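Work through the exercises below with the model open. Each task is followed by a stepwise solution.

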Amino acid sequence: MSMTHRTALFLLGITLLQTASGRFPVCQFHWELQRAEQECHTQLEQQTLYNNGCHGMWDNITCWQTAALGKVMTQSCPSALLHLFGKNGNISRNCTEKGWSSVYPSITTACWSDNSDEPNKCFPQLSAARTALRGQGD
């Protein structure tokens, strides 16, 4: 067997192993969002609800814990975006009488970066990110 055939079989084997695990090392965006959503729902089921306040929620990208009326919740950029873009900002929401405010600053301002080559490698994940971020105060 030639060296070319061995190399091709080796690369095919690695690809199959990565596909079998359901994750590609460079592009884990979708998997990380699914994991974060599951963790969020588990946490929210265990929380005490306030009579006057905002119920915890998953907004397709971030988990917001239950909050009392008037409380400002601030958290770091979601890990899926941090791993994709490497930009570590903070986002916030206010619990108002009308419910949760929009995210501020916008999640694309706080967590998005155009200085990364990752979107070129992860086009499907980037498209999923844009879809998930629609309606997040952008």
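Two strands count as paired if DSSP finds at least two bridges between them. Keep that cut-off at hand for the first exercise. The model is predicted.

**Exercise 1. Determine how β5 and β6 are joined, then place them in their sheet.**

Step 1. Count the bridges. Five join β5 to β6. The cut-off is at least two, so β5 and β6 pair.

Step 2. Read the direction. The two strands run antiparallel.

Step 3. Check one bridge. Thr74 has Ser92, in β6, as its bridge partner.

Step 4. Extend to the sheet. The order is β5-β6-β7, an open sheet of three strands with antiparallel pairing. β5 (72-76) and β7 (99-100) are its edge strands, each pairing on one side only.

**Exercise 2. Set this sheet in the whole fold: how many helices and strands does the protein have?**

Step 1. Count the elements. There are six helices and seven strands.

Step 2. Write their order from the N terminus: α-α-β-β-β-β-β-α-β-β-α-α-α.

Step 3. Look at sequence range. Of the contacts with a separation of 6 or more, 47% link residues 24 or more positions apart.

**Exercise 3. Find the largest nonpolar core and the elements that supply it.**

Step 1. Start from burial. Of the 138 residues in the protein, 33% are buried.

Step 2. Recall the trend. In soluble globular proteins, nonpolar side chains tend to be buried together.

Step 3. Identify the core. The largest one has 24 residues, and Phe29, Leu81, Ile91, Trp100 and Cys111 have the most contacts inside it. At least two core residues come from each of α2 (29-45), β3 (63-64), α3 (79-85), β6 (90-96) and α4 (107-111).

Step 4. Inspect Trp100. Beyond its neighbours within four places in sequence, its contacts include Cys54, His55, Met57, Trp64, Arg93 and Cys95.

**Exercise 4. Describe the largest pocket, then decide whether Thr62 is buried or exposed.**

Step 1. Size the pocket. Its space is about 230 Å³.

Step 2. List the lining. It has 17 residues; Ala36, Thr62, Cys63, Gln75 and Pro78 lie nearest the centre. α2, β5 and α3 each give two or more. α2 gives the most, with six residues.

Step 3. Sort by class. Nine lining residues are nonpolar, six polar and two charged.

Step 4. Locate Thr62. It lies in the loop between β2 (57-58) and β3.

Step 5. Apply the cut-off. Buried means under 20% relative accessible area. Thr62 is at 4%, so Thr62 counts as buried.

Step 6. Name its contacts. Leaving out residues up to four places away in sequence, Thr62 touches Met57, Gln75, Pro78, Ile91 and Ile107.

How values were computed:
Residues are numbered from 1 along each chain as its sequence is written. This is a predicted model: local features need pLDDT of at least 70, side-chain atom pairs count only at pLDDT 80 or more; totals for chains, interfaces and linings use all residues. Side-chain values use heavy atoms; hydrogens and water are left out. A nonpolar core is a set of buried Ala, Val, Leu, Ile, Met, Phe, Trp, Tyr and Cys residues joined through side-chain atoms within 4.5 Å. Buried means under 20% relative accessible area, exposed over 50%, partly exposed in between (1.4 Å probe, protein chains only). Helices (H or I, at least four residues) and strands (E, at least two) are DSSP runs, numbered from the N terminus. Contact means heavy atoms within 4.5 Å. On a 1 Å grid over the protein atoms alone, a cavity is a set of points where a 1.4 Å probe fits but cannot get out, and a pocket is an open set with protein on both sides within 12 Å along at least five of seven lines; lining residues have an atom within 4 Å of a point. Grid points are joined across faces, edges and corners, and a volume is the space filled by probe spheres set on the points. Ala, Val, Leu, Ile, Met, Phe, Trp, Tyr, Cys and Pro count as nonpolar, Asp, Glu, Lys and Arg as charged, and the others, Gly among them, as polar.
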